[in-house]
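Dear colleague,

I am handing over the structure below, and I would be grateful if you could keep it open while you read the notes that follow it.

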Amino acid sequence: MKKALIAMSGGVDSSVSALLTMKKGYRCEGVTMRLFEKEQEEDKLCKTCCSDKDIEDAMRITNRMGIPYTVVDYTVEFKQQIIEKFVCTYEQGGTPNPCIDCNRYMKFDKLYDAAMERGCEIVVTGHYARIQYDENTGRYLLKKAVDETKDQSYVLYNLTQEQLAHVYFPLGEMTKSKVREIAEAEGFVNAHKSDSQDICFVPDGDYAGFIESYRGKACEPGDFVDDKGNVLGRHKGLIHYTIGQRKGLGISSSAPLFVTRIDPVKNEVVLTHGDGLFSDTLYATDVNLISVSKIEDGMRVQAKVRYRHKQQPASVWQLEDGRIKVQFDEPQRAITKGQSVVLYDGDVVVGGGIIL
């Protein structure tokens, strides 16, 4: 009998994924990754994943299904590869997406390796996405979920061909309401548990406060300037701001001001009245391609520059150093360093990279 390692978050999605995998005839084993030490108050953790309550829920579900369950400690690796990068990106004037990095380095790297070491054929998660093998190209494809309101293909663009061959997303063809219906019929304790919403290690959403606590020092204040370099006021430190931000600037103006650029070299935050927020071109690095082995010059795609961004038509070029250049048909608002651009061909993920 084939073996499957199920990434159990304690939520309804991973629980139903485990059930569906078991019904496909796999011998399942559940595992939860402990990623960081929790010093925050429990009420703040209720919106995140990986809390002690989540571990308790996962244990109850796996006990009910009669499958083995373990908790693995990746706190050191998570700090080195996720939290440190998160902090550094903010300090360098960018806005990171640690959930993408967690999928890349934790779920589909550390956990994937653990699955292979345990003799498991597949790693199973509760992500809403689909995997399909294209016989014409000999490549595995990552596709959007049927339920586009829950689609998570954007945060999975780093999956490699080898990983895609050994990963299973049971919920890709299902709606969220159907998943809850199955969980309720099975009597799962988490059938109506709310979805996690915030970054797990910053449950109160105070990114700047977390970074200052992590570094053990306050961020250095600097100048707000306009696009001509005129000083408009003082900012509290670069980590308090992100591209497109309007609220919390503390600058009086006849028209709303927005953050349009963050300069870590000069320690300046550049403000604009709005027009400066729009750009039609971006460059991205750390590129991973899925549906193709290389980008043909001027390839037509639809591109997203953040998770909730509506994909937009664009052309893409792959440069000699491996970076990609993406040019949108129409200027896009608040393209942000540190976020990811993900390229689509219909419902198929072409690939993606980190915006420079």
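Asn267 lies in the loop between β10 (258-263) and β11 (268-272), where strands, like helices, are DSSP runs numbered from the N terminus (H or I and at least four residues for a helix, E and at least two for a strand). Although Asn267 is not a glycine, it has a positive phi of about 55°, and at 15% relative accessibility it counts as buried (buried means under 20% relative accessible area, exposed over 50%, and partly exposed in between, with a 1.4 Å probe and protein chains only).

Before going further, please note that this is a predicted model, in which local features need pLDDT of at least 70 and side-chain atom pairs count only at pLDDT 80 or more, while totals for chains, interfaces and linings use all residues. Residues are numbered from 1 along each chain as its sequence is written, and side-chain values use heavy atoms, with hydrogens and water left out.

A positive phi of about 55° is also found at Ala334, which is not a glycine either. Ala334 sits in the loop between β15 and β16, and its relative accessibility of 5% makes it buried.

The loop between β15 (324-333) and β16 (340-345) also holds Gln339, which is buried with a relative accessible area of 12%. Leaving aside neighbours within four places in sequence, Gln339 is in contact with Thr95, Pro96, Asn97, Tyr154, Val305, Arg306, Gly353, Ile354 and Ile355, contact meaning heavy atoms within 4.5 Å. The C-alpha atoms of Gln339 and Arg27, by comparison, are separated by 38 Å, and these two residues are 312 residues apart along the chain.

One of those partners, Asn97, is found in the loop between α4 (75-91) and α5 (98-117). Asn97 counts as buried at 16% relative accessibility, and, when residues up to four places away in sequence are not counted, it touches Tyr154, Gly338 and Gln339.

The two helices on either side of that loop also meet: the axes of α4 and α5 come within 9 Å and cross at roughly 160° (axes are lines fitted to C-alpha atoms, for helices over the stretch in contact, and angles run from 0 to 180 degrees between N-to-C directions). That makes α4 roughly antiparallel to α5, given that angles over 145 degrees count as roughly antiparallel, under 35 as roughly parallel, 65 to 115 as roughly perpendicular and the rest as oblique. On the α4 side the contact is made by Glu77, Phe78, Gln81, Ile82, Lys85 and Phe86, and on the α5 side by Pro98, Asp101, Cys102, Tyr105, Met106 and Lys110. These residues divide into seven nonpolar, one polar and four charged (Ala, Val, Leu, Ile, Met, Phe, Trp, Tyr, Cys and Pro count as nonpolar, Asp, Glu, Lys and Arg as charged, and the others, Gly among them, as polar).

A second helix pair is formed by α1 (residues 12-23) and α7 (residues 176-186), which pack at an angle of about 70° with their axes 10 Å apart, and α1 and α7 are therefore roughly perpendicular to each other. The contact between them has six nonpolar, no polar and five charged residues.

As for the whole chain, it has eight helices and 17 strands, and 51% of its 356 residues count as buried. Along its principal axes the C-alpha trace spans about 70 × 50 × 35 Å.

With kind regards
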